[in-house]
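Biologist: I'd love a close look at one part of this protein. Could you walk me through a single strand and then the ligand site?

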Amino acid sequence: MERAAERPTPYHEPTPIPDKENPFESMMARFDKAAEILGLEPGIYNYLKRPSRQVIISIPIQMDDGRIEIFEGYRVIHNDILGPSKGGIRYSPDVTLDEVKALAAWMTWKCAVMNIPFGGAKGAVRCDVTKLTPVEIEKITRRYTSNLLDIFGPDRDIPAPDMNTNEQIMAWVMDTYSMHMRRTETAVVTGKPLILGGSLGRREATGRGCMIVTLQAMAKLGIKPRGATVAVQGFGNVGSVTAQLLAEQGCKIIGISDVSTALHNPKGIDIPKALAWVAKNKLLEGFKGGEPISQEELLELQCDVLIPAAMEEQITAANAAKVRAKIIAEGANGPTDATADPILQEKGTLVIPDILANAGGVTVSYFEWAQDRAGYFWTLDRVNHRLERMMRQSFDAVYEKAAEFKVPLRIGAYILAIDKVAKTLKIRGIYA
Ligand code: NAD
């Protein structure tokens, strides 16, 4: 340890910030910053930067027309220092091992910020679900799961849904694993249908968590919920639930958007009506609750809170100066890239980082796992209360850390997470 401390350059291979960022490089750039502030020793830094295990598998499938096609599958365990690793499985035609590695690290920091006893992982299959039949998707899922039987397990690595995977796919993962184990093992995967050991409140959990930390941030700035103005980008699972719950708290949702349109109404959009419209028509387009504006204008609306809840890289150096919200609550993963950080900091915008703002989902996944293991299921009230308690505690811990080091909440969150994992690693020790 002493020898390492004497080295003139403490870090190896610092993560470069390219001209055009991708969200994972953005995330790693923030990791570097927090590691530097913490004075993380080089050995621990390198340990935490690299995944502990990366698996690439071939998934041969007999397609409906009789052809045999081979798909590539991945599972990356970033680390399991805090507990079994946890992370979703995505099905995507252009997914790469690098992307899965970065997403796995993201999960480690998210779980650590939330004080959840899980490490981080991510999985993927390179496939285009729009070109597959349900039978082919089931075959891919079952073969992927059986190839990874020695990785998965309720005490080892617990997958969940991610891009293009859903409750049904999680049910197939659970069933395949259970068939091989010769017993029903619901806790091997979360995000399952309720009838199969899923948790009440899981669907709304990310939006609910986002609403809770947004209210806390508003309190810090002395903004009262009643009448506070909010713009929400993305009206899917996360965005629509956050908008609905904030509206229930008295906030005025003055802007909403989805892939089809963006709408503005300074008097407040009727969110229940917008939800009913989307339930019937799938997209917001055609909904008469507001004036159509451009997608860019939505992000630049004068408001108290902006909730980017659609996708990554929406706020960058190109538009950060035009964002007028006092608070940004990142419902999506990676909506703000690292080049926007200093601009927002300079303006005094309070940014609730993704690894905190959208961590309600993984928190209720943890509850699902705990309920499955106990074989005892909680009421919705209990799920929501415990989620609120954990979100509030984590927000306060991140806020204190940021104040202690005089850094934005995002770096505070990374400091909190990295410090926790590094301390646990040191106490456990490096085996052999
Ligand atoms: P979703 O597919 O349900 O909704 C996405 C919404 O964004 C849709 O309304 C879509 O029309 C809209 N959208 C897409 N592109 C857009 C664009 N260019 N401009 C404006 N709107 C656009 O997805 P979701 O589950 O709500 O996830 C949204 C984000 O939150 C993703 O970044 C996801 O990784 C993240 N997230 C989701 C969860 C969860 O539990 N669902 C948990 C953590 C993080």
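Which residue in β10 is the bridge partner of Ala231?

Modeller: Happy to help! A word on the model comes before the strand. This is a predicted model, where local features need pLDDT of at least 70 and side-chain atom pairs count only at pLDDT 80 or more, while totals for chains, interfaces and linings use all residues. Residues are numbered from 1 along each chain as its sequence is written, and side-chain values use heavy atoms, with hydrogens and water left out.

The partner of Ala231 in β10 is Leu306. Strands here are DSSP E runs of at least two residues, numbered from the N terminus, and two strands pair if DSSP finds at least two bridges between them. Strand β6 (residues 229-233) runs parallel to β10, joined by four bridges. Strand β11 (residues 327-329) is also parallel to β10, with two bridges; there, Ile328 stands opposite Leu306. Both faces of β10 (residues 305-308) are covered: Val305 and Ile307 on one side, Leu306 and Pro308 on the other, are all buried (under 20% relative accessible area, 1.4 Å probe, protein chains only).

Now to the ligand. Around the ligand are 19 residues (a heavy atom within 4 Å), and Thr206, Phe235, Asn237, Val238 and Val259 come nearest. Ligand oxygen atoms lie 2.9 Å from a polar backbone atom of Val238, 3.1 Å from one of Phe235 and 3.2 Å from one of Gly236. The protein covers 68% of the 830 Å² of accessible area that the ligand has on its own (Shrake-Rupley method, 1.4 Å probe).

Definitions and conventions. Buried < 20%, exposed > 50% of the residue type's maximum accessible area, 1.4 Å probe, protein only. Polar contact = N/O pair within 3.5 Å; in protein donor to acceptor, adjacent residues only side chain to side chain.
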